[in-house]
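My notebook is open, and I am about to look through a protein model. Come along and keep the 3D view at hand.

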Amino acid sequence: MCGRYASSRAPGDLADLFRAQWDSSETLAASWNVAPTDPVWAVTERPDHDSGEVERRLRPVRWGLVPSWAKDPGVGSRMINARVETVHEKPAYRRAFAKRRCLLPADGFYEWVPVPATDTAKAYKQPYFITPEDGAVMAMAGLYEFWRDPAVPEADAPEAWLVTATIITTEATDEAGRIHPRMPLALHPDDFEAWLDPAHQDTHDLRALLHTPADGRLRATAVSTAVNSVRNNGPQLLDPAS
């Protein structure tokens, strides 16, 4: 499960890091409390509409995948994660797994541990921020999809299409496993090209790219319960809990 994460790096820096093109008119505010249905950055590779040449782009998408056959986009709020064990065969994800894979850059992600009530305090959930030990960007493996809004008559209109994405999750390792049994699967830089390539559609080979995230080198830090509310945001959310 990955239900909240942080993504604070500037788009220009992300575009350089992933060697992607970026339209500077497309902007998103830095967020230390990314929540489902929020707009997020994704790195994709697709043929250009005019030239047909494959281009790698940094683009905003909405977190929560909406299958192309969905009747309305509301289903996306329930499809923020896809399990690595079944993502290649589930009807909602298998076409995207074959053709529309992406990377979702993150500083790290949050998970929660229930703390039972005591004689003097109520039960609560303690959040932990989990991030690579070396501070590198987590390139979370994801899928993206296009959904056509039938309320917009012109198919060429930008508002006619909703682009959404889901994060692939796996069994948690090391520090993350101490907090929660599942975690987002971050790809190694050596695997970016094969994962993003839309012509690469061999399911067996693609699944082989999805192995131990961050090579198991993760750090978990207890942080303020302020992150529990999606209304709160800012770098102070990453401060260690007192």
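**Entry 1: a threonine**

I began with a short distance: a polar atom of the Thr164 side chain lies 2.8 Å from the backbone nitrogen of Val66. I noted that this is a predicted model.

Next I looked up where Thr164 sits, and I found it in strand 11 (residues 161-171). Is Thr164 buried or exposed? Thr164 counts as buried because its relative accessible area is 0%, and the cut-off for buried is under 20%.

Then I asked which residues Thr164 touches, leaving aside neighbours within four places in sequence. My list has Val61, Arg62, Gly64, Leu65 and Val66, and also Leu143, Tyr144 and Glu145. So Val66 turns up in my notes both for the polar atom distance and as a contact of Thr164.

**Entry 2: the nonpolar cores**

Leu143 came up again when I looked at the largest nonpolar core, which has 34 residues. Leu143 is one of the members that touch the most others, together with Phe18, Leu103, Trp195 and Leu210. I also wrote down the elements that give two or more residues to this core: helix 1 (11-17), strand 4 (39-47), helix 2 (94-99), strand 10 (138-148) and helix 4 (192-196). Which element gives the most? Strand 10 does, with 4 residues.

Another core lies apart from this one. I counted it in as 27 residues, including Tyr5, Val34, Ala106 and Tyr128.

**Entry 3: ring against ring**

How many aromatic pairs does the structure hold? The answer is 6. I picked out Tyr110 and Phe129, whose ring centres are 5.1 Å apart with 55° between the planes, a tilted pair. Tyr110 belongs to strand 8 (residues 108-115) and Phe129 to strand 9 (residues 124-132), so the pair links distant parts of the chain, 19 residues apart. I found both Tyr110 and Phe129 buried.

My second pick was Tyr144 with Phe146, an edge-to-face pair at 5.9 Å centre to centre and 75° between the planes. Both of these residues, Tyr144 and Phe146, are buried. Tyr144 was already in my notes as a contact of Thr164.

I also saw that ring pairs join Trp112 with Tyr110 and Phe129 in a cluster.

**Entry 4: arginines over rings**

Last, I checked for charges over ring faces. Arg101 lies over the face of Trp195, 5.6 Å from the ring centre. Trp195 is a familiar name from the largest nonpolar core. Arg148 lies over the face of Trp161, at 5.9 Å from the ring centre.

Conventions
Residues are numbered from 1 along each chain as its sequence is written. This is a predicted model: local features need pLDDT of at least 70, side-chain atom pairs count only at pLDDT 80 or more; totals for chains, interfaces and linings use all residues. Side-chain values use heavy atoms; hydrogens and water are left out. Rings of Phe, Tyr and Trp (its six-membered ring) pair if their centres lie within 6.5 Å; planes under 30 degrees apart count as stacked, over 60 as edge-to-face and the rest as tilted. Buried means under 20% relative accessible area, exposed over 50%, partly exposed in between (1.4 Å probe, protein chains only). A charge sits over a ring if NZ of Lys or CZ of Arg is within 6 Å of the ring centre and within 35 degrees of the ring normal. A polar contact is a pair of N or O atoms within 3.5 Å; within protein, one must be able to donate a hydrogen and the other to accept it, and residues adjacent in sequence count only if both atoms are side-chain atoms. Contact means heavy atoms within 4.5 Å. A nonpolar core is a set of buried Ala, Val, Leu, Ile, Met, Phe, Trp, Tyr and Cys residues joined through side-chain atoms within 4.5 Å.
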